[in-house]
Amino acid sequence: LNWFRMYVDIKDHTNTELFVDAYNRIGDCFFNQRNFKESEKAYSNAINMGNTEKETLYSMYQKGVVLGLQRKYNEKIKVLESLVSMYPRSEYSDKALFEIAQAYVALKDSRRAIDSYTRIEKLYSKGKMAKRASLEKGLLYYNMNENENALNAFQQVVTNFPESEEAKTALESIEVIYTENNKVDAYSSFLKSVGKEGYLEP
């Protein structure tokens, strides 16, 4: 940490990529120490110095995460929405949207959280976050007593990602909904339709 601090104190900042990397490393060090305030400052410095996607993408994502850990949810959303807007096809875009949704959950704004999860499903349907987004979306709908929407979300997980851990959780949630509504036959029919008859109890 001290070495990186000494490096960024050098007045010659002509090689911005190295300085951005140094600030990011400072941010990471403070992050690991759970000093989120100083971590945020370091990532902000990296963003301010960076000129390209390569130089600013990681800094923006990390700053958003750190803001959330400080419960600065609206600021988190603003930073991460900027990331998605500026770099919609980056490796962090779907993760940024997921973090945005989580921020809305923390703000108890379920509708906007669901909107963010839906954006992941539409824009990054093949990405790693899509199955998590659909599952979280279903759980939010279930907690809002919107069982039909919850079922649709959970069924989407099972259909699109049948072998995933998220699919197992979704199947358990589907069973709960059908059982609560005395629709055990409908649950059996769904399992057969997706080739999951093994989940039926003998």
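The expected span of a helix is 1.5 Å times one less than its number of residues, and that rule is a useful ruler to carry through this tour of a predicted model.

**Stop 1: helix H2**

Begin by selecting residues 16-32, which form helix H2. H2 has 17 residues, so at 1.5 Å a residue it should span 24 Å, and its end C-alpha atoms are indeed 24 Å apart, in agreement with that expectation. Colour the buried positions next: these are Thr16, Phe19, Val20, Ala22, Tyr23, Asn24, Ile26, Gly27 and Phe30. When you look at how such positions are spaced, it helps to recall that an α-helix has 3.6 residues a turn, so residues three or four places apart point the same way.

**Stop 2: the largest pocket**

Keep H2 on display and add Glu17, Val20, Asp21, Asn24, Arg25, Asp28, Lys54, Glu55 and Tyr58, which together line the largest pocket. The volume of this pocket is about 170 Å³. Two elements give two or more residues to its lining, namely helix H2 and helix H4, the latter covering residues 53-69. H2 is the greatest contributor, with six residues. If you colour the lining by residue class, you will find two nonpolar residues, one polar residue and six charged ones.

**Stop 3: the turn after H2**

Move to arginine 34, just after H2, in the loop between H2 and H3. Its phi is near 65°, a positive value in a residue other than glycine. That deserves a pause, for most residues other than glycine have a negative phi. Arginine 34 has a relative accessible area of 62% and is therefore exposed, the cut-off being over 50%.

**Stop 4: serine 39 and the smaller core**

Continue to serine 39 in helix H3, which runs over residues 36-49. Is serine 39 buried or exposed? Its relative accessibility is 0%, so serine 39 counts as buried. Leaving aside neighbours within four places in sequence, select its contacts, which are Gly27, Phe30, Phe31 and Val66; of these, Gly27 and Phe30 are among the buried residues of H2.

**Stop 5: tyrosine 61 and the largest nonpolar core**

Now select Tyr61, Leu83, Tyr117, Ile120, Phe154 and Ile174, which touch the most other members among the 42 residues of the largest nonpolar core. The elements that give two or more residues to this core are H4, H5 (73-86), H6, H7, H8, H9, H10 (165-180) and H11 (184-193). H6 gives the most, with seven residues. A second, separate core of eight residues includes Tyr23, Phe30, Ala42 and Ala46. As background to both selections, nonpolar side chains in soluble globular proteins tend to be buried together.

Zoom in on tyrosine 61, which, apart from neighbours within four places in sequence, is in contact with Leu80, Leu83, Tyr92, Lys95, Ala96 and Glu99.

**Stop 6: glutamate 81**

Glutamate 81 lies in helix H5. At 24% relative accessibility glutamate 81 counts as partly exposed, and, with neighbours within four places in sequence left aside, its contacts are Ile100 and Arg119. For a sense of scale, draw a distance from the C-alpha atom of glutamate 81 to that of valine 105, 24 residues apart along the chain, and you should read 16 Å.

**Stop 7: helix H7**

Select residues 110-123 to show helix H7, whose 14 residues reach 20 Å from the first C-alpha to the last, close to the 20 Å expected at 1.5 Å a residue. Its buried residues are Ala113, Ile114, Ser116, Tyr117, Thr118, Ile120 and Glu121. Which helices do the buried residues of H7 pack against? They pack against H6 (93-106), H8 (129-143) and H9 (147-160), so display these three helices together with H7.

**Stop 8: tyrosine 141 and asparagine 145**

Finish with tyrosine 141 in helix H8, which is buried with a relative accessible area of 12%. Not counting residues up to four places away in sequence, tyrosine 141 touches Arg111, Ile114, Glu146, Asn149 and Ala150. A line from its C-alpha atom back to that of phenylalanine 19, 122 residues apart along the chain, covers 45 Å.

Lastly, select asparagine 145 in the loop between H8 and H9, where phi is positive at about 65° although the residue is not a glycine. Asparagine 145 counts as exposed, at 67% relative accessibility.

Key: Residues numbered from 1 in each chain as written. Predicted model: local features only at pLDDT ≥ 70, side-chain atom pairs only at ≥ 80, totals over all residues. Heavy atoms only, no water. Helix = DSSP H or I, 4+ residues; strand = E, 2+ residues; numbered from the N terminus. Buried < 20%, exposed > 50% of the residue type's maximum accessible area, 1.4 Å probe, protein only. Contact = heavy atoms within 4.5 Å. 1 Å grid on protein atoms, 1.4 Å probe; cavity = no way out; pocket = protein on both sides within 12 Å on 5 of 7 lines; lining within 4 Å. Points joined across faces, edges and corners; volume = space filled by probe spheres on them. Nonpolar A, V, L, I, M, F, W, Y, C, P; charged D, E, K, R; others polar. Core = buried A, V, L, I, M, F, W, Y, C linked by side-chain atoms within 4.5 Å.
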